[in-house]
Amino acid sequence: MDAFPAFFPLSGRTVVVAGSGEPAQAKLRLLAGSPARIVHLQGADAADPAAYAGAALAFVASADEDFAQAAAAAARAAHVPVNVVDRPQLCDFTTPAVIDRGEVVAAIGTGGASPMLATMLRADIEQRVPEGAGRVAALFRQMQDEVRAALPQLHERRAFLREALAGPAASAAMVGDMQGAAKLLREALAGGFAAQGRLRIVVASGPVDLLTLRAVRALAAADLLVAEPGADPAIISLARRDAERLAPAEASPERLAALSAAGQVVVWVMTAPLGGEHLAALAGAGVAVEILPTAAP
């Protein structure tokens with residue numbers, strides 16, 4: 001990736017917008033619903049580093065080149081990351097096209113190369129992110145400590161959350177019943193939860209666009225990944241970056257059985273179907289196996 005995407009918490013922070021006219025107003029509108037304290041600088045004040053002291057971010061929006069240069073220099077002198085509208089060479093960061101669902105924020109960036117492309121992609125993705133997604137995220141933020149206390153093991157917690165996100169608590173939050181959603185989630189925790197370990201085999205050497213949706217979702221949900229040497233790197237990239245890796249030579253039936261017994265979900269990306277004797281060995285070791293082939297070309 002050419003630029004690293006990051007999210008800055010805004011609660012209790014100060015954000016500076018320097019400039020006047022429609023470009024500055026657009027930035028002010030962008031930040032209007034945030035919990036940040038917004039400081040709007042115009043004229044000579046924008047060239048004073050003291051005006052940026054303590055800010056988390058600064059935006060400079062002006063058609064005046066001298067103003068933009070001076071304001072960007074002042075922000076940097078105050079050690080504040082700065083974005084200068086339409087001048088990527090002056091930017092410490094670029095602003096993406098944003099999909100705002102409250103607690104859920106999606107961003108599409110092009111590193112300043114093509115803001116129009118980012119906007120077009122945002123319009124396409126925005127239709128797929130439901131309005132209630134932010135409320136679901138707010139529910140899980142509210143319940144985070146309780147879930148951690150009830151399920152201290154990371155893989156068990158992830159498995160519980162995967163199921164909960166498709167369960168009645170999330171559905172209640174999606175329609176705005178936050179009190180009912182919290183009650184349902186607490187009931188699910190109180191009922192006890194045991195992660196069901198399994199081995200999912202994705203038979204795919206590439207290309208990535210032949211993967212089924214089930215295979216893509218399996219990669220995204222894996223606790224541990226086993227990848228054959230000839231597997232398409234684009235397929236491997238679909239797995240979570242923090243999923244542990246296991247070399248194929250280490251993935252013995254006994255090792256996989258131990259991982260499964262511990263509730264781990266293992267995804268093995270293979271370049272050819274597994275032979276019958278290997279499947280029999282896995283079954284003999286008590287490993288639940290699900291084979292997820294690619295779609296037909």
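Trainee: Is Asp 86 buried or exposed in this structure?
Mentor: Keep in mind that this is a predicted model. Asp 86 lies in the loop between β4 and β5. Its relative accessibility is 73%. The cut-off for exposed is over 50%, so Asp 86 counts as exposed.

Trainee: What is the phi of Asp 86?
Mentor: Start with the general rule. Most residues other than glycine have a negative phi. Asp 86 is not a glycine, yet its phi is positive, at about 65°.

Trainee: Which residue in the loop between α2 and β4 has a positive phi?
Mentor: Look for a residue other than glycine with phi near 65°. This residue is exposed, with a relative accessible area of 73%. The loop between α2 and β4 holds it. The residue is His 79.

Trainee: In what order do the strands of the open sheet stand?
Mentor: The sheet has four strands, with parallel pairing. Its edge strands are β2 (37-41) and β4, and each pairs on one side only. From one strand to the next, the twist averages 15°. The order is β2-β1-β3-β4.

Trainee: How many bridges join β1 and β2?
Mentor: The two strands pair in the parallel sense. One bridge puts Val 17 with His 40 in β2. The number of bridges between β1 and β2 is five.

Trainee: Which residue of β3 is the bridge partner of Val 15?
Mentor: Strand β1 covers residues 14-19 and runs parallel to β3. Five bridges join these two strands. In β3, the partner of Val 15 is Leu 57.

Trainee: Which residue of β4 stands opposite Phe 59?
Mentor: β3 also runs parallel to β4, which covers residues 82-84. Three bridges join this pair. Opposite Phe 59 stands Asn 83.

Trainee: How many residues of β3 are buried?
Mentor: In a regular strand the side chains alternate between the two faces of the sheet. One side of β3 has Leu 57, Phe 59 and Ala 61, and the other has Ala 58 and Val 60. Both faces are covered. Of the five residues in β3, the number buried is five.

Trainee: Which helix lies across β1, β2, β3 and β4?
Mentor: Look for a helix that covers residues 21-31. Its direction is at about 160° to β1. This is helix α1.

Trainee: What is the handedness of the β-α-β unit made by β3, α2 and β4?
Mentor: Follow the chain from β3 through helix α2 (residues 65-77) to β4. With the strands pointing away from you, a clockwise path over the helix counts as right-handed. The unit of β3, α2 and β4 is right-handed.

Trainee: Which residue forms a salt bridge with Arg 87?
Mentor: The closest N and O atoms of the pair are 2.8 Å apart. Arg 87 lies in the loop between β4 and β5 (97-101) and its partner in helix α2, so the pair ties together parts that are 22 residues apart in sequence. Arg 87 is buried at 8% relative accessibility, while the partner is partly exposed at 35%. That partner is Glu 65.

Trainee: How many residues separate Glu 146 and Arg 186?
Mentor: These two form a salt bridge, with the closest N and O atoms 2.9 Å apart. Glu 146 sits in helix α5 (residues 144-150) and Arg 186 in helix α8 (residues 178-190). Glu 146 is partly exposed at 33%, and Arg 186 is partly exposed at 38%. The pair links distant parts of the chain, and the separation is 40 residues.

Trainee: How far apart are the closest N and O atoms of Lys 183 and Glu 187?
Mentor: Both residues lie in helix α8, four residues apart, about one turn of the helix. Lys 183 is exposed at 52%, whereas Glu 187 is partly exposed at 40%. They form a salt bridge, and the closest N and O atoms are apart by 2.6 Å.

Trainee: Which residues do salt bridges with shared partners join into one network?
Mentor: The structure holds seven salt bridges. Some of them share partners and so build a network. Its members are Arg 200, Arg 214 and Glu 290.

Terms used: Residues numbered from 1 in each chain as written. Predicted model: local features only at pLDDT ≥ 70, side-chain atom pairs only at ≥ 80, totals over all residues. Heavy atoms only, no water. Buried < 20%, exposed > 50% of the residue type's maximum accessible area, 1.4 Å probe, protein only. Pairing = 2+ DSSP bridges. Salt bridge = Lys/Arg side-chain N within 4 Å of Asp/Glu carboxyl O. Axes fitted to C-alpha atoms, helices over the stretch in contact; angles between N-to-C directions. Contact = heavy atoms within 4.5 Å.
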